[in-house]
Every structure is written in structure tokens, then in C-alpha cells.
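Here's a quick tour of the model, starting with how far to trust it and then moving on to what sits inside. Have a look first.

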Amino acid sequence: MKAPVSRAPLLPFAATTLLLLLNYPWLSLFDSKHLVADIPPLFLYLFVLWLVFILTVRFLLHPGPVDEGDSPVRPRTGTDKARGNRGA
Amino acid sequence: MLSTPVVVVTIALYLGLLFAIAFVADHRAKQGRSLIANPYIYTLSIAVYCTAWTFFGSVGWAAKTGLGFLPIYLGPTLMAALWWLVLRKIVHISRRQRITSIADFIGSRYGKSAQLTGLVTVIAVVGILPYISLQLKAVSNSFILLQGYPALEVPVGSSPLLWHDTAFYIALLLAAFTILFGTRHIDVSERHEGMVAAIAFESIFKLVAFLAVGLYVTFHLFDGPGDIFRQAAHDPELAKLLTLEALPGGYASWLSLMLISMSAILFLPRQFQVAVVENVNEEHLRQASWLFPLYLLLINIFVLPLALGGLLLLDGSVDPDTFVLTLPMAQQAEGLALLAFIGGVSAATGMVIVATIALATMISNELILPTLLRTRRQEEAKGLLPEGDLSRWVLRIRRGSILVILLLAYLYFRLIGESYALVSIGLVSFVAAAQFAPAILIGIYWKGATRQGALVGLLAGFVIWGYTLLLPALAKSGWLPISIVEEGLFGIAVLKPYALFGLAELDPITHAVFWSLPINIFLLVTVSLYSNPSLIEKVQAREFVDAFKDVEPGRGRIDVWRGTVTVASLKALVARFTGEEAAERAFNQFALERGFNFEDQTIAEPHTHLVSYGERLIAGVIGAASARVMISTLYKGQTLNIDDVMDILDETSQVVEYSHQLEEKTRQYEAATAKLRAANERLQQLDRLKDDFVSTVSHELRTPLTSIRAFSEILLSEPDLEMDKRQEFLQIIVDESQRLTRLINDVLDLAKLDADNFQWTLADTDLKQLVHDATKAVYQLYQERGIRLRTEFPDARVMAKMDRDRILQVVINLLSNAAKFCPENRGRVKVSLRADAHWVTVCVDDNGPGIPASFHDRLFDKFQQVEDEQQGKPKGSGLGLAICKGIIEHHGGRIWVDSAPGAGSRFYFSLPRRQSGADTGP
């Protein structure tokens, strides 16, 4: 099975990106009095960004279960089997 | 329903519940079934970050600045993403060093400096007082509000007398509660499981209460958030709150708030307490890194709707800081109002309990104990300190500290706090806590940071903080002339606290941040670069920076304690601080882990690190600086002062350095020895070869010499020998002499070949001609033995570059060998020459007895001769083929044999044709 690679080293980059997104000039893009679906665009932007970032951090700190995906695991087992047959 | 007795009873019930939770958690901890050892409780305990400021103040602030309250929560979200990298390291270090507080951490990093821990403690206490006073203000205001129900305003008027002031009683109540909570017993690790469980519960409670009010206002009083925002957008004043227009200080303020809250989430003393000191397992950070931001998001989602709702529904005289309470009150939702009030109380008490415990630990460990232990000499100290269990004494100091801190906070509230909004008070503390960030963050990643650098940086940051934030606050409250703020100190305009050196565009907080932090960092780094760290600083710097480079216990660590201390006296000292039982347990564990038996080992020897272990145990109770002083009392006559310790460290590190050099040298010698051994083996082998050679050659020389001597003696002793006999003997002597000459010539040739001493004269030579000459040279021999010699040459000349004489020697040798081994008169020898583009090959084919395959390899070695069973040893030195091989190989060619018994022998040699084109001549 392929060892899960730590994604934690990406955290500083994620944080830096958020820091940039949370400041000028990004904020000015959403700094408007015109409501979007009755919500102030700035409010919407900040809270959605916040939630996305939380999920990103969760993703980076929890390498998903490796055997679930369509994964590099399967071809590997195939070769093992083939090798076994040749041996027999 | 909201009468004073109901409110008081509710508070009492709530605090009772908290106490029960703490009691159960402590009980479970003792049984080893920890209630708090999971990431969720850990996350909730970190949520002590959300205080009355969040609960009441955020709404108040949002009512003035719109989304301006958010950076205080976005900063921690950013920082939480880095916890796995930064906070985990701090937690790791703290566990190894048994750190009890943020002051202890900074002090330990910089060589367990008492000066530095003292300074950090002072900054923490002075800096955090406003924050605690904020909680007092929030709780007392909300209490007064409820008392005044159904009125929605705090009655204005002169401050009541002390014994009529609600805030005073709240301060006392909180002090009593905190003392009960945090100082019931002393723990070696300074961890308070009961407190953490209670704080976690409070975090749930305040979140639920706030969300309840938020949902009630948004969905009951209004038609969902859209409704509130729509109504607000219609009002030009409120519409400003939906954008960044209302934000004082604009983007600069936004950024600076984010930065200081990033540091606050780690370096506020209470955050350090819950996140670092109370951490049970580093792995919990993995969950907390995203769960805590999620908590922040939830508790903030209704802040703006509540602020706008309050502004839309309540009239302008109601303080926005009280909206969370006054909105339900205005609707006569008394139960919800009570829930909101208790929610506010939970937010405030959580902060006060943890902050005062953290500060009291610092005051007792880093200020009072070291001062007591240092100013008095040991003997006096013994008189002063009661013998026996010192832990009770430490507890008393802590309890006193808690009371003093809360009374000071109350004083701040009375003197200054009443004229400020909640958030403004809290931010002052944030900036103070941010001053710790450089010393800690630089300290755990850069070994070069020194005690002096940290001291100067912190001091400068603290002074700037005091000048730009505390001083104006005192002036505005009328305790100092207001002219200091308006005209600058002594009327010097560049010294205006809110516009230092003309930096006037910023709000006070941003202004203070942008002055204090860069100067703090700059001084820390530059002073560190130009100061020499002492050795204990270097040791600690390594321990901190290389925290994750795991060192085996006892290896690479230097035990600074030297001299003789008995295990019993050490244990007794530890027991005085931790209590008998805990000391016994800790020592047994040490013995178990390191495989000791204290019955055999009564002396705590330096290499065992037992004394350092004891020191850390004591440090867990009274801090690193005091623990060092206490341990030093054990060494009485042999006590080392700090200079001695430094000398020892110096010496030790020199020894370590020296031994490194020795190791390096040893490695070099080992390599040299291996080379010498190989050379020696080679020499011995050569020596053996030489011996073999000499003995063989002597043997070969002796045979002809013996016959020469024998026949000569016969001729000498018998002068009248017959003429033909005499002739025969003389012929033998001549033959044998010739054989000797040949042998000696061969040996000389071989020696020259081996030593590469031949004079080679390479020239283009016609090999056909050469072989022809060779057959002429051996003609006589073939004639004598009656052997027929045939040649088989190509028509053209066969040119190759070679030493003619030597190759001639080879061909003659091969032809003579063939003649020697062929049967007389029936012998047939054929010499043939072939040429292709690259090689010329000569083959000498005979019909002799043939050579078994097992001899083929050895045939070309020196003195190897194939003995024939019938004929015995053949004539010759046994060197001929070895010489041939040497000559051919010198030409870059090859010589080999193809033969089998009864099938004759074919000796081949090939030479490379270096000059193509010369071979096709006529």
C-alpha cells in the first residue's frame, strides 16, 4: 500500500493564500452595498472563504483513507497476483 | 422572573454546576480515566478565547464598524492552520521542559533567566489587567441591566461606593471561585483537568446561548438574515455597516488586527495555558486546527445580524455592547434574556479563571519565589520557609496572587475601564501579548537568539505599548493631563502617544502595533547578533530549536549539576513541593524507566540525570528559575555558583568537541591502517613469489652445473681416458654450459620483462619474412631430429609494427618446442600465417603427444613444464613460454594453445596490425 504522504507542509502556503485573500485588494472587490441574494457581498465572501479554508485545513491535516479511492493500490495487487502465479 | 434573587440563584446554580463538572473531571483524572483527553474537549478549552468581549463586545463593535469585528477571529483561523507546525513544537518543548507558563517558556528558552521570566510576568500582568477588567465590566453591567428590567439602560450616575458596587462583589466572587478551582492542589505538571473540563463546558454554553439569541432575533423578530440586511440597506447610515466604509483605519487596521489576534491566540497567557500547558496529546492539534476555526465561525455568524437588528429595533440610547441582552429583554423574552446573561457570565468566568490561574502561577513561580529564595541566603531562607511540605506554602502564594490580580483588575475598571467600549479595552491587552511573539517564535527556530536580545526586544516593545496605549488611557480617564495626548509629552509634538513621530493616520491600536512589533523584532535580532550567549543559553537554545530531533534520554544532554547528592535528600526536597506521594511515584517511575534500584544506588550521580529530573519536577511546581535555586541548596558546601556551572558547561562542551576531533582522527588512522595492511599482504605475496622463483632457478642451475662438475672431475682425475670418451664428455660439458647460458639469458629476459626494463624497438616488419627467418634458424635442429617442417604463407607481405628480434625469439621458441616434443623422424610441424584486417596470427602445429586441457592455463607461467610419463622432464628452463607471453602481451597481442593428448598441439599468437594499408604491398 502506498504510504499516505503528509500534506501538512502545505499549511503555511494555505495560510499565506488566505492572508492575501483576506486583505486589500481582494476585499475591495466585494466591498459593495448591493445585496446578493439579500446578503451583503462582503459578508458572503468572508464567511464562505472562511468555511472553505476550514475544510482545506481539515483536508491537509487528514490524509484520506488510502484504500478507498481508485487508488494506486489496485494495479499493485494485480502484479502481486501475477508474480504468485509465475512462482507456482 | 428577572428579579435579583432569581438571577443570583441562577448564577449560584450555574457556578455549582461548573464546580461539579470540575470535581468529576479531577476525580476521573486521579483514576486515570481522563475526561479531557480528546481533541473535542481540547478545542472547546481553546475556545476560552471567546470571552465577554466576543459575547457582548463583538455586537457592540459591529454596530459601529460593520465587519470590523471579524479580523479578531480570522487571525486565529490563520494561526490555527499553522498550529500543526508551530504550536506542536511549542507543546513538545513544554512537555520536555515541564513548562508551567508562558513566562517560564520564554525564560527557559533563554537560559532559565530569572530576569527574563520576571519581565515577562510583569508584562503579562500589566498587559492582561485591562482584559480581566473588561470581563468584570461586562458581567457587572449585564447584572445591573437585569436588575433594572424592564428598563434597557444602565443607570448613569457617579460610581457607587465600593460596598455598593456590583463589580466589586463580582471581582470577589470570581476570585473565590478561581481559588477554589485552580488552587485546590498542586500538580507536578501544573495541569488542571477539572478546570479544563469546566472551561469546555462553558464554551459549549456560551455558544448555545449566543446562537439562541441570534436565531431568536434573526428568525423570530425578523424574517431571516435577508430581511435584516434588506432593511439595513435602506437606511443610509446602516448601509455603511455592510461595507468596509465604517471601518476606522481601513485596510491597515484590518491587517494589524489580524496580526495581533494571530499572536494572541497563542501568546495570551490563558491561551498558552490551555493550548500548551493543559495539552494532553500533541495529536489533538490535528483536529483542533480546523475545529476551533469552525467554532469561531459559528459564534460569529449572527454578530452582524444582531448588531443591525439592535440598531433597527432599539432606540439609539441603548448601548450596543448590551444588544445580546437588551434585544430579548425588549421583547419580554425573560427566559432567553436569562440564558443570554448566563452565557455572558460563562464567557467571562472562563476567561477570568484561566487567565488569573495562569498569571498567579507566573507571579508565584517567577516573581515571588525567586525573590524570596534569592534575597535571603540559604540559612535565612530556611528560617523563613517552614520546613516540611512547601506545596501548601506555594498554594498560599498563588491564592494571594489570584485575589490581588482580580482586585487590580477591578481597580483598572474603576479608574479607566468605565469610559471605554469593551473591545477597545481588550485590544490593549492583545497588543501587550503580541510582544511575546518575537521572543518565542524566533527563539524556537533560531538558535542565535540570546537572552540579552530577548530582554531588550521585550522591554522596548513593552515600553512602546505603555507609551502608546496605557499612558493615553490614563490621560483620557483624567489621571494624567490630557495635554500629553493632544500636544505630546512635554509639549513635544513628535512624542504624541497616538501619533509618534508624525505617524498620524492610524487608529491607536494599529499605531501601537506598527511601532512596537518591528522595534521589538529589530532589537531582538540585532542585540542577539552582537551578544555572546552563555553556555546554559546555548544548551537551552539547542533543546528548543532541535526539539524534534529526538535525543535518547541522557545522550547529548549535559547535566549541569555536579557533586554528591543523595537520592534520599533529593527526594525529600522534591516531596516538599509536590507532596510525599507524588514524589514517591515520580521517583519510582524514573527507576523503572531507567532500570535503577534506589536501594543499591543511594547517590544521584551526574550521568544518571536524576538531579535534573528532580529539578524538572520541582520546576513543575515553582518554575524553572526557582527550581534551580532550590536544587542548588542541596549542594551546600559544594554548591556551584552560576559561573562554576558555566565553567563546567564550557569544559564539557570542550571535551565533547575534543572527543569529536579524536573520533575523526581515529577514523583516519583506521583507513590508513587498512591501506597498510593491504600493501603488506601484497608484499608478502611478492616475497613468496620471489622465494619460489629463486628456489626454482637455483634448482635448474644446479642440474647442469652438477653434470659439468662431474664430467670435468672425471677428465681431471683420469688423464689417460680414451679419446672418444674424452670427446663425448667434453661435448656434454659444452652442451650443459650452453644450457646454463640459455637459462641465465631467459632469467634475465624475464626479469627485464617483469620490471618493464626491455629496450623495445618497434618498427614495421614483414611477418612472413620473419617467420621464414625463424625456420632457417631452427633448420639444424629439425634436420638432426628428422622432423619435417612445412610453411603456409599468404602471397602478400604481412606487415605489422613490432620489435623484430623479440617476435623472432617467440617464433623460434615455439618452433624449438614443437621439435622437442615431436617424435624423432616421424615428426611433422607446420607453421602457418594468416592475416585479416586487424590481426595477424601465427600458428605452430605439431603432431606431438599433445597437452591435457588442465595444463593449458598454467602452461605460460614460469617454470611450468608438462612432464611426459615416458620421457620425463623435457629439456629447457620452463621459462620460454612465460617470456613469449610477456613479449606478445607487450605488443598488445595474445598467445594461446589448442591441444589435446594424442591430437598434437597448436600454439597460436596474434598481433594487432597497427598500420593498415602497409600489408597489401607486392
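## Where to be careful

This is a predicted model, so let's begin with a weak spot. Residues 551-558 of chain B stay under a pLDDT of 50, and the model gives this stretch seven contacts beyond four places in sequence. Residues 915-922 of chain B are also below 50; that stretch has 14 contacts in the model beyond near neighbours in sequence. Where pLDDT is low, the predicted coordinates shouldn't be read in detail.

## Confidence overall

Chain B averages a pLDDT of 83, with 89% of its residues scoring at least 70. Among the chain's elements, helix α21 (residues 436-445) of chain B has the highest mean pLDDT, 94, while helix α18 (residues 378-384) of chain B has the lowest, 51. As for the model's global scores, ipTM is 0.76 and pTM is 0.65.

## The main core

The largest nonpolar core holds 208 residues. B:Ile106, B:Val324 and B:Val431 are the ones that touch the most other members. Helix α17 (residues 334-375) of chain B supplies the largest share, at 22 residues. Domain 1 (4-27 + 36-434) and domain 2 (436-549) of chain B both contribute residues, so the core lies between them.

Which residues does B:Val431 contact, leaving aside neighbours within four places in sequence? They are B:Ile260, B:Trp465, B:Leu469, B:Ile509, B:Ala512, B:Val513 and B:Ser516.

## A second core

There's also a separate core, this one of 38 residues. Its members include B:Val771, B:Cys822, B:Val829 and B:Ile883.

How values were computed
Residues numbered from 1 in each chain as written. Chains lettered and ligands numbered in written order. Predicted model: local features only at pLDDT ≥ 70, side-chain atom pairs only at ≥ 80, totals over all residues. pLDDT = per-residue confidence, 0-100. Helix = DSSP H or I, 4+ residues; strand = E, 2+ residues; numbered from the N terminus. Contact = placed C-beta atoms within 7 Å. Core = buried A, V, L, I, M, F, W, Y, C linked by C-beta atoms within 7 Å. Buried ≥ 20, exposed ≤ 12 C-beta atoms within 10 Å, placed from the backbone. Domains from an automatic or database assignment.
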